[in-house]
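Work through the exercises below with the sequence and the model open. Each task is followed by a stepwise solution.

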Amino acid sequence: MNAPTTLTPAPTLLFPAPALPLVPVVGSSALYPVHRIFCVGRNYAEHAKEMGHEVDREAPFFFTKPATAIVPSGAVIAYPPGTANYQYEMELVVALGAPAFRVPEAAARDTVFGYACGLDMTRRDLQLDARAKGRPWDLGKAFEQSAVIAALTPAAAFGAVGPQRIALTVDSAVRQEAHLSDLVWTVAELVSHLSKYYHLVPGDLIYTGTPAGVGAVSPGAELEGTIDGLSPVRLTIGAAET
Ligand code: MN
């Protein structure tokens, strides 16, 4: 006698799985799927100073944003909820293209796929309130549409990180200006350091910190961030949702 057969129905999704954010690559039809977003704090001495801090020479520090916070360059986004001090931070973004776990600095550059211009958009009032209370920064940093990114340029086409000018304009007025050689922690140091704590994989982005000159924006503002040799990042701030 045969045992009764139990038919297991194929599992189904309760709701559609959210799509991975995809970033275009300059000179290619390939798209870069984003896995995680790491962000570095206080990586330009002048910015650390304007925020009331010194750079910590012991080790860089990081916070994260969800991958779903990615916004493509050229977007118009609503002024976000819950803030009265919404600020830009223009940054060099590093996109990993190979796994990295406990990589020495000398090998870290080989794990980089490419670079992009990015904006670490920040609800500064919420971040500073959290900082003062010793709470996590998520409300101020890890919110929807807070990680703007332009197309990636492959590392070989960009060349060595250092002499390039990084700048941001709001309505054509220059607000931030520095050079990548002003980075306190280099790209190799950042990747090597992070890889002591994470199994980094292709799809992981690192926003490397912002130069001095951060400030608030209002609806109607048009932002443009540039780094020599990279595709510029553009963002327009729309009205707040009602
Ligand atoms: Mn930042």
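**Exercise 1.** Find which residues touch the most other members of the largest nonpolar core.

Solution. Step 1: a nonpolar core is a set of buried Ala, Val, Leu, Ile, Met, Phe, Trp, Tyr and Cys residues joined through side-chain atoms within 4.5 Å; buried means under 20% relative accessible area, exposed over 50%, partly exposed in between (1.4 Å probe, protein chains only). Step 2: the largest such core has 71 residues, and Met121, Leu205 and Leu223 touch the most other members. Step 3: strand 8 contributes the most to this core, 6 residues; strands (E, at least two residues) are DSSP runs numbered from the N terminus.

This is a predicted model: local features need pLDDT of at least 70, side-chain atom pairs count only at pLDDT 80 or more, and totals for chains, interfaces and linings use all residues. Residues are numbered from 1 along each chain as its sequence is written, and side-chain values use heavy atoms, with hydrogens and water left out.

**Exercise 2.** List the protein donors of the manganese ion and place them in the chain.

Solution. Step 1: donors are N, O and S atoms within 2.8 Å of the metal (3.2 Å for Na, K and Ca); water is not among the atoms, so sites may look incomplete. Step 2: Glu89 (OE), Glu91 (OE) and Asp120 (OD) lie 2.0 to 2.1 Å from the ion. Step 3: their sequence spacing is E-x1-E-x28-D. Step 4: Glu89 sits in the loop between strand 7 (86–88) and strand 8 (90–96) and Asp120 in strand 9 (residues 112–120), so the pair ties together parts 31 residues apart in sequence. Step 5: both Glu89 and Asp120 are buried.

How values were computed:
Helices (H or I, at least four residues) and strands (E, at least two) are DSSP runs, numbered from the N terminus.
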